[in-house]
Amino acid sequence: RKLLPEGQPADKLFTVLDDTWRLLPTLVPAQRSILEATVQLQVLQAAGLSPALRHCLSGGREQPQEAVVLRADSGGWQCLSCHGQWAGARHSLSPALLKVLRWLHRYPEQALRLKSSYSQAEQLLAATRQYTSTVAYG
């Protein structure tokens, strides 16, 4: 499955990727992970495949009280209690990290201003990688 149609210009996305490749060697590991997660969100957005981040796909709650799971098959997130199974929960996000994901989706140009621990950045990156690979490859 292709995220973007062949032969169609994607100048904004090219600029994002070019800037990212230039920046990556200068960043500390947590910043690299945050930047990669942000770029994945931008690719998904360019392809029209962004996850719905406003509320739980099943319960409708906007501010979860528990961890959430990004669900590529449904196009958004679910609370663990709505998710109802352990499959796919390996890359769950805390409510705080869901807020970060929403912020990165809304303000990608501000990604490097974010202060995050390496473990939080890696957790965010793992969740976005899982979502993106499932959307792209099924």
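These are my notebook entries on the confidence, the sheet and one pocket of a predicted model.

**Ground rules.** I number residues from 1 along each chain as its sequence is written, and for side-chain values I use heavy atoms, leaving out hydrogens and water. Because the model is predicted, I ask for pLDDT of at least 70 for local features and 80 or more for side-chain atom pairs, while totals for chains, interfaces and linings use all residues.

**Confidence.** I looked up pLDDT (the predictor's confidence in each residue, from 0 to 100) and found a chain mean of 89, with 93% of residues at 70 or more. Among the elements (DSSP runs numbered from the N terminus, helices being H or I of at least four residues and strands E of at least two), α3 (80-83) has the lowest mean, 82, and α4 (95-106) the highest, 95.

**Sheet.** I find an open sheet of three strands in the order β1-β3-β2 with mixed pairing, where pairing takes at least two DSSP bridges between two strands. The edge strands are β1 (52-56) and β2 (68-71). Two bridges join β1 to β3 (76-79), and these two strands run parallel; I also note that cysteine 56 stands opposite tryptophan 77 in β3.

**Pocket.** I then turned to the lining of the second largest pocket, an open set of points on a 1 Å grid over the protein atoms alone, where a 1.4 Å probe fits, with protein on both sides within 12 Å along at least five of seven lines; lining residues have an atom within 4 Å of a point. The lining includes Val16, Leu35 and Pro108, and α1 (11-23) and α2 (29-46) each give two or more residues to it.
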